[in-house]
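Biologist: I would like to learn how to read charged and nonpolar side chains in a protein model. Could you take me through a case slowly?

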Amino acid sequence: MTELKKKWYVVRAISGQEAKVKLYIEKEIQHLGMQDFVSQILVPTEKVYQVRKGKKVTKERNYFPGYVMIEASLVGEVVHVIKSITGVIGFLGAGGMGTSKEPVALRQNEINRILGKVDEVEETEEMLGTPFIVGEG
């Protein structure tokens with residue numbers, strides 16, 4: 001089978017339900033055997049450090065509340081399957097009800113900026129636990 005051209009799209013979800021929507025999409029895609037069409041589903045989050053009762057507490061916060069990013073090839077019934085999932089409002093840029101506009105893919109520079117921000121947060125966390133040795137470098 002030829003490799004499908006996949007692009008990143010933004011799925012609008014009910015705010016506060018992003019993690020559940022991600023889980024529901026993953027389960028439905030697996031159940032229907034559509035893994036070839038959808039490769040990644042992300043809920044961009046950032047770690048926030050707060051001090052509560054004198055202790056440092058780490059909390060994860062959605063970077064884009066109400067949005068789930070999905071890397072997919074939207075051919076055939078893929079769009080309808082994703083739209084029919086509980087908690088999904090629709091695709092960003094796809095127009096309102098009754099319109100037949102296709103979902104709009106994100107530009108590559110937008111993807112790089114968003115994914116770079118996610119990688120930056122992970123990298124910072126990894127570096128926090130790394131001790132520095134004098135003379136290393």
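**Reading charges and the core**

Modeller: Let us begin with Lys47, which counts as partly exposed because its relative accessibility is 30%, a value between the limits of 20% and 50% that separate buried from exposed. Please keep in mind throughout that this is a predicted model.

Biologist: Which residue forms a salt bridge with Lys47?

Modeller: The general idea is that side chains of opposite charge can pair when their charged atoms come close. In this structure the partner of Lys47 is Glu60, and the closest N and O atoms of the two are 2.8 Å apart. The pair links distant parts of the chain, since Glu60 belongs to strand β4 and Lys47 to strand β3, with their positions 13 residues apart in the numbering. Glu60 has a relative accessibility of 49%, and therefore it counts as partly exposed.

Biologist: How many salt bridges are there by this rule, and which residue pairs with Glu46?

Modeller: The count comes to four. Glu46 forms its salt bridge with Arg61, where the closest N and O atoms lie 2.7 Å apart. This pair, too, links distant parts of the chain: Glu46 is in strand β3 (residues 45–52), Arg61 is in strand β4 (residues 55–62), and they are 15 residues apart. Glu46 has 18% relative accessibility and so counts as buried, whereas Arg61, at 47%, counts as partly exposed.

Biologist: What is the distance between the closest N and O atoms in the salt bridge of Arg107 with Glu110?

Modeller: For Arg107 and Glu110 that distance is 3.4 Å. Arg107 counts as exposed because its relative accessibility is 56%, while Glu110 is partly exposed, with a relative accessible area of 21%.

Biologist: What should I make of Glu71, and how far away is the nearest side chain of opposite charge?

Modeller: Glu71, which lies in strand β5 (residues 67–72), is buried yet has no salt bridge, and the nearest side chain of opposite charge, that of Lys6, is 6.8 Å away. A salt bridge requires the nitrogen and oxygen to be within 4 Å, so the pair of Glu71 and Lys6, at 6.8 Å, does not qualify. The side chain of Glu71 does have a polar contact of 2.9 Å with the side chain of Ser39. Leaving out residues up to four places away in sequence, Glu71 touches several others, among them Trp8, Phe37 and Val38.

Biologist: Which residues touch the most other members of the largest nonpolar core?

Modeller: In soluble globular proteins, nonpolar side chains tend to be buried together. Here the largest nonpolar core has 21 residues, of which Ile25, Ile70, Leu74, Ile82 and Phe91 touch the most other members. The elements that give two or more residues to this core are β1 (7–13), α1 (18–32), β2 (38–42), β5, α2 (78–83) and β6 (88–91), and the largest share, four residues, comes from α2. If you select Phe91 and set aside its neighbours within four places in sequence, you will find contacts that include Tyr9, Val11, Ile70, Leu74, Ile82 and Pro103.

Biologist: Which element has the lowest mean pLDDT, and which the highest?

Modeller: A predictor reports its confidence in each residue as pLDDT, on a scale from 0 to 100. In this protein the average is 81, and 77% of the residues score at least 70. Among the elements, helix α3 (residues 108–128) has the lowest mean, 66, and α1 has the highest, 94.

Note on methods:
Residues numbered from 1 in each chain as written. Predicted model: local features only at pLDDT ≥ 70, side-chain atom pairs only at ≥ 80, totals over all residues. Heavy atoms only, no water. Buried < 20%, exposed > 50% of the residue type's maximum accessible area, 1.4 Å probe, protein only. Lys, Arg positive; Asp, Glu negative; His and termini not counted. Polar contact = N/O pair within 3.5 Å; in protein donor to acceptor, adjacent residues only side chain to side chain. Contact = heavy atoms within 4.5 Å. Core = buried A, V, L, I, M, F, W, Y, C linked by side-chain atoms within 4.5 Å.
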